[in-house]
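Visitor: Hi, I have a protein open on my screen and would like some help reading it. Could we go through it together?
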Amino acid sequence: MHALRIRRGFYPLIRPSKSPSYSLVPIRFATTVTSPDASILNDTTVATEEGTTTEQGSFFVETVMPVRYAEWDLRHWIYQPQAARTSAHIKDIFSKVNLYDFKVLNVEATPKDGGVFVNFGFNPPPNLNSKDAVKAIEDELRREINRRGGISAWHELGKADFHRVKGRPWNEDLSVFPTNILKIEFEGPDVHQELLYDIIR
C-alpha cells in the first residue's frame, strides 16, 4: 500500500479506484449527505388525527447562511445570532402553503452546507402520485416566495434557492471540515509522481 499527500484545490475531486490500475474516478465532495434511498420522498409515514397517512419529504434551502469551512470560521460565529431568525423566517414562508395538507414539520440548519433542511408532511389525493404532488407543492412554494420578493441570501447580494432532497437528509454535524490536502492510496508498483499529477489533471 502506497500513500501520497497532495495539495490541490480546496475540495478533493478524485479518489483512486480499487483496481490495481491507476485509473481514477471523479467524485463530488459535499457535507450534505442523503441516505442510499434515491426516492424523492422519505419512505416513512405518520398518522394524522383523521386516520389517514401523511407522507414526508424535505426541501433544502441554500445560501441562507455562510458555509462553515472550519471550527474557527468567523463568519459562522458572527452570523450565529441571526441563524434562528433565518430558520423562523423560512418556516413562516413555507407554512403559508397548504396544498395537499402541506405542513412544515421542522427546519434544521446545516452550517457546513450554508442552508437549512425544511422537513414537511403532506397528504396527496388518491388520484395523484406522491412525486407529482411534491412537484405541485414545490411550484406553489416558488409562487409564494416570488410573491414575497424571494428569500435573501445571507450576504444580501442575491436570492436563495431551494430544491427537493432525494432520500433522507443527514445533517453531518461532526467537527470534520474540508481540507486542501488530498491523500491518495494505491496498490501495485510505484508510480512516478509526474504521471500521477498528469492523471489528476
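Visitor: Which residue lies over the face of Phe-162?
Guide: This is a predicted model, and in it Arg-142 lies over the face of Phe-162, at 4.3 Å from the ring centre.

Visitor: And which other rings is Phe-162 linked up with?
Guide: Phe-162 belongs to a cluster that ring pairs hold together, and the other members are Phe-59, Phe-94, Phe-102, Phe-120 and Phe-122.

Visitor: How many aromatic pairs are there?
Guide: The count comes to eight aromatic pairs. One of them joins Phe-102 and Phe-120, a tilted pair with 5.2 Å from centre to centre and 40° between the planes. This pair links distant parts of the chain, since Phe-102 sits in the loop between α1 (74-94) and β7 (103-110), while Phe-120 is in strand β8 (residues 115-122), 18 residues apart.

Visitor: Are those two buried or exposed?
Guide: Phe-102 is buried, and Phe-120 is buried as well.

Visitor: Why is the pair of Phe-120 and Phe-122 called tilted?
Guide: The ring centres of Phe-120 and Phe-122 are 6.0 Å apart and their planes meet at 40°, which is neither under 30 degrees, as stacked would require, nor over 60, as edge-to-face would require, so the pair counts as tilted.

Visitor: How buried is Phe-122, then, and why does it get that label?
Guide: Phe-122 has a relative accessible area of 0%, and because buried means under 20%, this residue qualifies. Phe-120 is buried too, with a relative accessible area of 1%.

Visitor: What else does Phe-102 touch?
Guide: If we do not count residues up to four places away in sequence, Phe-102 touches Phe-59, Phe-94, Val-97, Phe-120, Gly-121, Phe-122, Ile-137 and Leu-141.

Visitor: Which residues touch the most other members in the largest nonpolar core?
Guide: That core has 24 residues, and those touching the most other members are Phe-59, Val-61, Phe-94, Phe-102 and Ile-151. The elements that give two or more residues to this core are β6 (53-62), α1, β8 and α2 (130-147). Another core lies apart from it, with six residues, among them Leu-182, Ile-184, Phe-186 and Val-191.

Visitor: Let me zoom out. How many helices and strands does the protein have?
Guide: There are three helices and 11 strands in the protein, and along the sequence they follow the pattern β-β-β-β-β-β-α-β-β-α-β-β-β-α.

Visitor: What share of the residues counts as buried?
Guide: Of the 201 residues of the protein, 34% count as buried. As for the outside, the protein exposes about 12500 Å², and carbon and sulfur atoms supply 53% of that area.

Visitor: What share of the contacts comes from residues 24 or more positions apart?
Guide: Among contacts with a separation of 6 or more, residues 24 or more positions apart account for 69%. For a single example of distance along the chain, the C-alpha atoms of Gly-167 and Ser-58 are separated by 8.6 Å, although these residues are 109 residues apart in the chain. Gly-167 lies in the loop between β9 (162-164) and β10 (169-171), and at 1% relative accessibility it counts as buried.

Visitor: One last spot: where is Asp-73?
Guide: Asp-73 is found in the loop between β6 and α1, and it counts as buried at 8% relative accessibility. A polar atom of its side chain lies 3.1 Å from the backbone nitrogen of Arg-75. Leaving aside neighbours within four places in sequence, Asp-73 is in contact with Val-67 and Arg-68.

Conventions
Residues numbered from 1 in each chain as written. Predicted model: local features only at pLDDT ≥ 70, side-chain atom pairs only at ≥ 80, totals over all residues. Heavy atoms only, no water. Phe/Tyr/Trp six-rings, centres within 6.5 Å; stacked < 30°, edge-to-face > 60°. Helix = DSSP H or I, 4+ residues; strand = E, 2+ residues; numbered from the N terminus. Buried < 20%, exposed > 50% of the residue type's maximum accessible area, 1.4 Å probe, protein only. Lys NZ or Arg CZ within 6 Å of the ring centre and 35° of its normal. Core = buried A, V, L, I, M, F, W, Y, C linked by side-chain atoms within 4.5 Å. Contact = heavy atoms within 4.5 Å. Areas by Shrake-Rupley, 256 points an atom, 1.4 Å probe, with all protein chains shown as cover. Polar contact = N/O pair within 3.5 Å; in protein donor to acceptor, adjacent residues only side chain to side chain.
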